[in-house]
Amino acid sequence: MTPQLTEFFDFLRYPSISTDSKHRDDVRACGDYLIRKFNDMGLKTELHETPGHPIVIARSKPKPDRPTVLIYGHYDVQPVDPVDEWDTDPFEPTLKGDKIFCRGATDNKGQHYAHILGVEETLKAHGDLPVNVIFLIEGEEEIGSPNLAPFLAQHQADLACDICAVSDTGMIGPGIPTLTYGLRGIACLEFKIHGPSLDLHSGVYGGAVPNPATIVSRIIASLHNDEGIIQVPGFYDSVVPLEAWEREMWASLPDGDAATLAETGAPGLWGEAGYTALEQRWGRPTAEVNGVGGGYQGEGSKTVIPREAMAKLSFRLVPDQDPKKILKLAQAHLEQHCPDSCRLEVELGHDGPAYVMDPHSSHGKAAQRALQRAFEDEPRLIREGGSIPIIQSIKDTLGVDTLLLGLALPDCQIHAPNESFTVTNFEAGIRLNRALLEELGNG
Ligand code: BES
Ligand code: MN
């Protein structure tokens with residue numbers, strides 16, 4: 001174990017699960033760890049309280065006449081459930097071959113810690129950096145960054161920068177440098193169907209009263225037609241079609257349909273007709289059911305009509321769909337499909353718009369050169385299906401684009417049991433940071 005891996009493992013051990021109030025103190029302790037690390041590196045640190053989890057800022061000594069790079073990451077992690085499906089303790093980093101297994105190893109501790117160590121190496125080697133650096137590491141990304149957009153607005157002046165860099169996306173395969181120039185947006189909601197005032201005997205009353213579980217299922221079924229096309233009126237109105245050059249470029253990547261089947265283990269593909277799997281995942285909007293419930297879930301049968309049933313939905317969005325407008329359209333669709341015999345209750349959740357930047361801009365080209373140097377291969381240009389809503393807020397508030405230099409591998413299992421990060425990518429990430437700051441400094 002190198003000293004760099006040892007300290008990374010210490011960082012991974014904090015169970016910084018932002019969504020779970022039982023872990024509130026662990027999230028804070030993890031933020032405090034970063035503050036200590038940045039202080040040790042000689043950076044100027046700030047811990048900003050929020051109504052939720054603290055925001056960590058660290059700055060190199062600003063010098064005029066050089067660009068300022070904002071490096072964003074998140075030190076919070078997803079819950080570990082289902083915990084029985086982990087082969088190792090989710091918060092005891094375990095090295096097996098090249099893989100480090102731990103919750104947060106890839107998403108996002110490993111990816112931003114590599115940037116931190118890259119800056120530390122440069123400072124040790126040269127006593128200086130080629131650019132001014134501001135680290136912004138938050139503790140609430142996995143719960144939708146509720147306090148970060150207001151924070152950016154309040155601190156617009158002291159976060160002024162020329163470009164933002166983030167490693168929180170994927171690589172298309174091991175060793176293949178990948179620049180992500182777009183992310184999907186997101187809009188979440190939850191709905192309940194209330195039927196009879198109490199659970200009923202399904203033989204005595206069945207056939208004469210609505211069954212909320214049936215109604216929820218019918219509403220869910222109404223979201224798509226048989227071609228996988230979303231049936232919410234107006235849903236596609238502002239969708240910017242994929243451009244010919246991107247469809248061509250993605251078609252030249254290793255077979256995305258086959259990779260999608262292999263990565264997911266699904267027996268077949270299902271999606272919007274007329275698009276490849278990569279186009280569906282990166283460039284087209286979706287409606288997904290994230291959870292559905294109602295009625296008896298126990299062993300054997302129980303002849304009951306549940307008095308209520310529910311579903312949780314999320315929509316992934318593309319430019320120029322407006323998340324708030326999509327939520328309104330979705331709500332109207334649910335109302336339209338709820339029969340008079342039931343009552344619909346809708347709770348809107350978090351949302352954020354899609355993001356795209358020009359990968360051929362001068363910053364985009366600097367990022368490509370840095371990727372080329374770190375991985376010694378031609379960078380591939382992709383969009384991603386996941387969402388990092390704060391990236392568009394950074395654009396809106398600070399007026400800068402974000403270079404998305406992902407280090408997540410297709411089999412890293414983020415958000416799932418047995419999440420892992422490779423030592424290879426950890427080390428490549430450190431090299432990538434050093435090359436990136438040099439390229440941006442030269443630009
Ligand atoms: N790093 C992911 C997003 C991601 C994953 C982007 C893979 C590209 C490729 C991020 O931590 C995440 O999980 N975001 C959430 C959004 C949030 C609002 C809950 C997501 O995409 O579900
Ligand atoms: Mn995540």
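Helix crossings, a manganese site and unusual backbone geometry

Tutor: In this predicted model, helix 2 (residues 24-40) and helix 3 (residues 105-126) have axes that come within 12 Å and cross at roughly 15°.

Student: Why is helix 2 called roughly parallel to helix 3?

Tutor: Angles under 35 degrees count as roughly parallel. The axes of helix 2 and helix 3 cross at roughly 15°, and helix 2 is therefore roughly parallel to helix 3. The crossing is right-handed.

Student: Which residues make the contact of helix 2 with helix 3?

Tutor: Helix 2 contributes C30, Y33, L34, K37 and F38, and helix 3 contributes K109, H112, Y113, I116, L117 and E120. By class, seven of these residues are nonpolar, one is polar and three are charged.

Student: What makes helix 1 and helix 12 roughly perpendicular to each other?

Tutor: The range for that term is 65 to 115 degrees. Helix 1 (residues 3-12) packs against helix 12 at an angle of about 105°, with the axes 12 Å apart. The two helices are therefore roughly perpendicular. Their contact is formed by Q4, L5 and F8 of helix 1 with V423, F426 and I430 of helix 12. It holds five nonpolar residues, one polar residue and no charged residues.

Student: Why is helix 10 described as oblique to helix 12?

Tutor: The axes of helix 10 (residues 362-375) and helix 12 (residues 423-442) come within 8 Å and cross at roughly 140°. An angle must be over 145 to count as roughly antiparallel, and 65 to 115 is the perpendicular range; the rest, apart from angles under 35 degrees, are oblique. Helix 10 is therefore oblique to helix 12. This crossing is right-handed.

Student: Which residues of helix 10 and helix 12 meet?

Tutor: On helix 10 they are H363, A366, A367, R369, A370, L371, R373, A374 and F375; on helix 12 they are N425, A428, R431, L432, A435, L436, E438, E439 and L440. The residues of this contact divide into eleven nonpolar, two polar and five charged.

Student: Which protein atoms are donors of the manganese ion (ligand 2)?

Tutor: The protein donors are D107 (OD), E142 (OE), E142 (OE) and H415 (NE2), at 2.0 to 2.7 Å from the ion. Along the chain, the donors of this ion follow the spacing D-x34-E-x272-H. E142, in the loop between strand 6 (132-138) and helix 4 (148-154), and H415, in the loop between strand 17 (402-404) and strand 18 (420-422), are 273 residues apart and link distant parts of the chain.

Student: Why is the site of the manganese ion (ligand 2) called irregular?

Tutor: Six donors count as octahedral if opposite donors are over 155 degrees apart and all others lie between 65 and 115. The angles among the six donor atoms of this ion run from 52 to 152°. The range fails the octahedral criteria, and the site is therefore irregular.

Student: What makes the phi of S145 notable?

Tutor: Most residues other than glycine have a negative phi. S145 is not a glycine, yet its phi is positive, about 50°. S145 lies in the loop between strand 6 and helix 4.

Student: Where are peptide bonds cis?

Tutor: One cis bond joins D81 and P82, with omega about -5°; P82 lies in the loop between strand 3 (68-74) and strand 4 (94-96). Another runs from P319 to D320, with omega near -5°. D320 is in the loop between strand 13 (308-317) and helix 9 (323-337). Most peptide bonds are trans.

Methods
Residues are numbered from 1 along each chain as its sequence is written. Chains are lettered from A and ligands numbered from 1 in the order in which they are written. This is a predicted model: local features need pLDDT of at least 70, side-chain atom pairs count only at pLDDT 80 or more; totals for chains, interfaces and linings use all residues. Side-chain values use heavy atoms; hydrogens and water are left out. Axes are lines fitted to C-alpha atoms, for helices over the stretch in contact, and angles run from 0 to 180 degrees between N-to-C directions. Helices (H or I, at least four residues) and strands (E, at least two) are DSSP runs, numbered from the N terminus. A crossing is left-handed if the near helix is turned anticlockwise from the far one by less than a right angle, and right-handed if clockwise. Contact means heavy atoms within 4.5 Å. Ala, Val, Leu, Ile, Met, Phe, Trp, Tyr, Cys and Pro count as nonpolar, Asp, Glu, Lys and Arg as charged, and the others, Gly among them, as polar. Donors are N, O and S atoms within 2.8 Å of the metal (3.2 Å for Na, K and Ca); water is not among the atoms, so sites may look incomplete. Four donors count as tetrahedral if all angles lie between 85 and 135 degrees; four count as square planar and six as octahedral if opposite donors are over 155 degrees apart and all others between 65 and 115; anything else is irregular.
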